[in-house]
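Please open the model in your viewer and keep the selection panel at hand. The tour below goes from one selection to the next and says what is to be found at each stop.

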Amino acid sequence: MLTLDRPPLLTGTAGPRPPGRTAVAAVLGLLAAVLAVAFPFLPVEQDTLQLRWPTAENGTAPVTAPLVAIRPERLTAELPCTTLAGLGTGTAFSTTPADAPGGAAVGLAVTVDAGTVSVIGDGEVLAATPVPTTPGCALSISTDAAATTVVLGGQTLVDSTDDLRPEVVGVYSDLSDAQGAGASVVITVDNRYDSTPTPLKVAVGVLAVLALLGALAVLHGLDARHGRRLPRRARAGRRRRTDPVRDTVVIGTLVVWLAFGAVTADDGYILTMVRAASDTGYVGNYYRWFDVPEAPFGWFYELYAPWARVSDSVLWLRLPSLIMGVLSWLLLSRGLLPRLGRQVRQSRAAGWAAATVFLCFWLPFLSGLRPEPVVVLGALVAYVALERALVVRRLVPVAIGLVAAAFAVGATPTGLLAVAPFVAAARPLLGMFRERAAVDGWAAVLAPILGAGLIVLVAVFGDQTVATVLEATRVRTGIGPNVPWYNEIARYVDLFAPNQDGALARRFPVLLLVLCIGVCAVVILRRGAIPGAALGPSRRLIAVTLLGFLVLLLTPTKWTHHFGAFAAIGGGVGALAALATSAPVLRSGRNRTVFLAAVLGVAAIAFTGPNAWMYVSNWGVPWFDRPPVIGGIEIYQVLLLAAVGCLAVAGVGNLRGGRERVQPPGLALRLGAGPLVVVCGALVALQVGSMGKAMLEQRGSYSVGGDVLATGGAGCGLADRVLVDTDAGVLPASDPRPGDEPPVTDGFAVGGVPPDGGSTGGTEETYAQPSGIAPVVGSFRPDGGPATFRSGWFALPPDGGGTPLAVSVAGRTSGGTSVAVEFGRSTALGTEVLTTVDVSDERTGEPGWRDLRTPVVDGADVVRVIAEDRAVGPGGWLAVTPPRVPEQATLTEVLGDSPVLVDWPVPFANPCVRPFAVVDGVAEVPTHRLLADEQLRPLGDIWSAAAAGGPLAWVELIGDQEPVPSYLAGEPDRDWGELRRIDLYEPGAGSPERITGTQTRWGWYSPGPQGEPPAGTAGASR
């Protein structure tokens, strides 16, 4: 028998419309809606900042103050003609250092040469004219978004309506203090997003929330008169229908994953965003888009910011995800599954199917800091609340579901999935509205619902205005990525890529969900319903899932981690699929075998991908770089053969015909759920086991789980395990002894490296000599040819130095080229060779400088380097340096509390490294840059590039980045990442005078558009 939308209910006490109560509900609901709509237009207090040069303390000395908006809101300059004439030849002022590569193309400079003053901006000479001798004359420059003017001695040289605002990283000048008398440069920083709500805005927001609560309270009273309630025995029965074993397994797995699970794609990105908010004044896109705020999708991050300030512990940072995971499971198992019908309600098999599918989604997608768990919970609350509303015919659950859906949308564009239940239930929902409107009137019905849907605006525009949010959206859309809906295929291309985005743990739940939808659709189309399932709720759940895939079309980015939003809904669909495969249409052994073949086929497709995880979570994991293999046999082939075998068995059964024995419903449901539970459970076990194996493999080195075990998650993570060379440590040459072989330099020469770009010009590497290490000998010659190098002996420290021996190498060490070190012991007859250690790293292509390390052999007191180049063709060259045994300290000790540019994949693994602060729109000057490993390192450059409005726009203008030798303790051969020291072009530059203030800005105020990013390609890879 089908379970419809009308279970046994008790009817409330109906009567005539309560006088005044419906009017109160309508007025309060409408008031909440109006105040919420008005909220974005109300005023805020914006923090303002002006930078002024020369300074009272240091006069015309250079100052550095990088603007994260890159261009100022307004810049004015006043230079007396006497100042220009007295300079003779030089730079009166420039907004970029003289040595900055490309600085002249993006900055503003006023130069004087042989009596001619030139104003250079936007990469061209805007004006050039002789310096007047008229008394009292001055050069005046003014530039903002609307216009740029240059006036000299009353004569207008430039009057343009183009946006010619320069990039500003400071003010640099050749003027002496005496020459600079009367000169002035004033920079108004574009700090429009750093604001706080005024008392008026706070009062309106509080009043809107109170009005909505009042409207819902009155609506609850009306519901009690006209709605229904569940029988007491039905409520008690639902409380009894729990499975403590299943709950323990699900929650226990989530808790284990909290401590030992993999990092997710944007953990480092989001951690830096929320940590920076305490200085910035808002949660901004720290790594891109001029650090504009996340609004209108930022309320979740605003809550996360104070949470992250409590502790940097991995366990603490992941706790919100765990809490939302537990709540989602409890609501799924106690709210969604019972609504799907008696068979699902009473079946442990269906519950286990839901549990394992839920975990398959949660572990790879949702254990980190991204907002998809909010979407999972919001969509689940919306679905369960709507289903309850349709049963009890009450409006308050509809309002609660709408609030949840609105806040899910306000967390991330993927949150539109939470709106899908309203679309799927539109017809019965409209019918219920008509019933209540006939009694209470349309105003009392719709006004509170409208207020519930709009109240999220109070959170979205808490400290922003409609103008700032529109500008932030314009910037993000213009720079991108902003992928149109018709390119949704890009998401699925990534899902099948051989990397973290297309890892088997991500592929499987998505493909399985598609299979489950297909199975349910086949049964419904053939039978009209899934026997044993509630018709309305099951149809709506499938519709919600299908609408979810359509919602993804509308998201501006096409990352695969958005699929995590299906976790709870997917669990419900998994339970339905388990029931569908036990229904009469699939109850026969033949049909169950076909379903088993389909599940195995999905698993086979998933297992063609690698068992890859993000950054440090990839270290020590089995099959991180290839499809899983056991005993030389790829698992996907076994699964595929098993699927084909099942299809063959089903085919034989179909040819034999005959009547098959029909299983009892309970057994049939267990058999139907079996493939889902077993395969999903195996995949969950593989994921947890992979992290466990990584912990074992990385003993003595670093893994997330191992660090949590060792420190309780309260240590400094990877930074405590990375050792940094604090000096060059180049070994001195050993005194020659009788009988020692002479050095060999056949084909190697000092400085024998190719120009930047490599021998073919096709690389992005530079091959300049490593800082503080000399000499460099290399085998690069335009005409090529074999080469051999054997250095003389170098003396080792008496105790071996206590650190590994290092040799810096450029070029490949494979395909005919190799590097080795020979350890020796000095004797009266000469040097005895103890052992030869090949330190080649098998790198291909023309890689740049890196360090190859090996422990010092016991008993050795001298060492020498041996290099062989037998390669032919382009790229076949090799360069080495003398051996080193440097002094070392941990990365934590080296960086201390210094400000660092921490590339977005890195912060979560290095929680003690402090990102540079941004105060009033001006960035703190970082001392170092910390990058990820070789696989993710290019993405840091791409995502934060100048053309993307990222911090590299100004970092590359203030200094040169010099790699600092380092390695991972316990794994010197692993590419853990890279530390670079930022050597400033103006190391003695100070700070400009800062004039701070506040301005009251109404919601529609805008100082004009932010400037465009520098020319280039704003890469969309991350």
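What is the torsion about the S-S bond of Cys 81 and Cys 137, and why is the disulfide left-handed? Select both residues in this predicted model: the torsion is about -135°, so the disulfide is left-handed. The sulfur atoms of Cys 81 and Cys 137 are 1.8 Å apart. Cys 81 belongs to helix H2 (residues 81–87), whereas Cys 137 sits in the loop between strand S8 (124–130) and strand S9 (138–144), so the pair ties together parts that are 56 residues apart in sequence. Both Cys 81 and Cys 137 are buried.

**The second disulfide**

The structure holds two disulfides, and the next selection is therefore Cys 716 with Cys 912, whose sulfur atoms are 2.1 Å apart, because a disulfide is taken as a pair of cysteine sulfur atoms within 2.5 Å. This link is left-handed, with -85° about the S-S bond. Cys 716 is placed in the loop between helix H26 (704–711) and S18, and Cys 912 in the loop between strand S31 (900–902) and strand S32 (918–919), so that the pair links distant parts of the chain, 196 residues apart. Cys 716 counts as buried at 12% relative accessibility, while Cys 912, with a relative accessible area of 31%, is partly exposed. With the bonded cysteines numbered in sequence order, the pairing reads 1-2, 3-4.

**Cysteines to check by distance**

Select Cys 646 next: the closest cysteine sulfur, in Cys 680, is 16 Å from its own sulfur, which is too far for a bond. Cys 646 is buried, with a relative accessible area of 13%. Move on to Cys 680, which is in no disulfide, the nearest cysteine sulfur being that of Cys 360 at 4.0 Å. At 0% relative accessibility, Cys 680 counts as buried.

**The nonpolar cores**

Cys 680 also leads to Phe 508, which touches Cys 680 along with Cys 360, Val 602, Ala 603, Ala 606, Val 679 and Leu 683, residues up to four places away in sequence not being counted. Phe 508 is among the residues that touch the most other members of the largest nonpolar core, which has 135 residues; the others are Leu 254, Leu 336, Phe 358, Val 398, Leu 512 and Ile 530. Helix H20 (residues 504–527) gives the most to this core, with 14 residues. A second, separate core has 82 residues, including Leu 271, Tyr 615, Val 708 and Val 902.

**Helix H11**

How many of the residues of H11 are buried? Of its 18 residues, 16 are buried, and H11 is mostly covered. Measure off the helix in the viewer as well: at 1.5 Å a residue, the 18 residues of helix H11 (residues 348–365) should span 26 Å, and the end C-alpha atoms are 26 Å apart, which agrees.

**Strand S27 and its partner**

Now select strand S27 (residues 850–854), where five of five residues are buried. Arg 850, Leu 852 and Thr 854 point one way from S27, Asp 851 and Arg 853 point the other way, and all are buried. Add strand S24 (residues 805–811), which runs antiparallel to S27 and is joined to S27 by five bridges; Leu 805 stands opposite Thr 854 in S27.

**Two open sheets**

The next stop is an open sheet of three strands in the order S30-S18-S36, with antiparallel pairing. Its edge strands are strand S30 (888–890) and strand S36 (966–968), each of which pairs on one side only, and the twist averages 30° from one strand to the next. Strand S18 (residues 722–725) pairs with S36 over three bridges in the antiparallel sense, and Leu 723 stands opposite Tyr 967 in S36.

For the last selection, take the open sheet formed by four strands in the order S31-S34-S37-S35, where the pairing is mixed. S31 and strand S35 (959–964) stand at the edges with a single partner strand each, so one side of each is left without a neighbour in the sheet. Neighbouring strands of this sheet are turned by 25° against each other on average, direction ignored. S31 and strand S34 (residues 928–931) run parallel and are joined by three bridges, and the bridge partner of Val 900 in S34 is His 928.

Methods:
Residues numbered from 1 in each chain as written. Predicted model: local features only at pLDDT ≥ 70, side-chain atom pairs only at ≥ 80, totals over all residues. Heavy atoms only, no water. Pairing = 2+ DSSP bridges. Axes fitted to C-alpha atoms, helices over the stretch in contact; angles between N-to-C directions. Buried < 20%, exposed > 50% of the residue type's maximum accessible area, 1.4 Å probe, protein only. Core = buried A, V, L, I, M, F, W, Y, C linked by side-chain atoms within 4.5 Å. Contact = heavy atoms within 4.5 Å. Expected span 1.5 Å × (residues − 1).
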